[in-house]
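Open the model in a viewer and follow the selections in the order given.

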Amino acid sequence: MDFKIIAVDFDGTMCENKWPEIGEPNLELIAYLKKRQVAGDKLVLWTCRVGEILENAVKWSAEQGIIFDSVNENLPEVLEWMGGDSRKIFANEYIDDRNFTFLSKTDHAELLGRMVDVVEDWLEKKGAVTNDVAIIKGDDYDYLADGFAAGLGISRDCPEK
């Protein structure tokens, strides 16, 4: 297959968890899913919703610009590849509030900043610094933050305003 399959949960993931109602949209995740779909990846809605509340979720998703390639079922390409169906939805990525926390760009920046703070604390503990002033600045900060971001496989892009 020349594409990735992304299985995405609905409640608490694509929107705030207000089951059986539909909460506020997770706009950053929705933008990510649209981008991936435009790039040729396939989206599978992977949810516990059934019946009318499932239909409402699919309709709401379409209003957000997300048209799923499959809903709670494996894609036809997967069925052919596997030689049949299984109870588990096959995907290359599973996005679900119960097993994967989608980090926004703001979260990335905060996480990287905390990691640099840990390095500063360690340097102070080892006696490499004796004051309470941030010593990791400028190019040194960028070097550490870039390295941490690469190691975690996350973007260091600044949040869009």
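**Stop 1: helix α5**

Select α5, a helix in the sense of a DSSP run of H or I with at least four residues, numbered from the N terminus. Its 15 residues should span 21 Å at 1.5 Å a residue, and the end C-alpha atoms are 21 Å apart, which agrees; the expected span is 1.5 Å times one less than the number of residues. Just after α5 comes G153, with a positive phi near 70°.

The model is predicted: local features need pLDDT of at least 70, side-chain atom pairs count only at pLDDT 80 or more, and totals for chains, interfaces and linings use all residues. Numbering starts from 1 along each chain as its sequence is written, and side-chain values use heavy atoms, with hydrogens and water left out.

**Stop 2: α4 against α5**

Add helix α4 (residues 105-125), which packs with α5 (residues 138-152) at an angle of about 120°, the axes being 10 Å apart. Axes are lines fitted to C-alpha atoms, for helices over the stretch in contact, and angles run from 0 to 180 degrees between N-to-C directions. Show L111, L112, G113, M115, V116 and V119 of α4 with Y141, L144, A145, F148, A149 and L152 of α5; these make the contact (heavy atoms within 4.5 Å).

**Stop 3: the sheet**

Select the 4 strands of the open sheet, in the order β3-β2-β1-β4 with parallel pairing. Strands are DSSP runs of E with at least two residues, and two pair if DSSP finds at least two bridges between them. V44 has S70 in β3 as its bridge partner.

**Stop 4: confidence**

Colour by pLDDT, the predictor's confidence in each residue from 0 to 100. Confidence is lowest in α4, at a mean of 79, and highest in helix α2 (residues 51-63), at 98.
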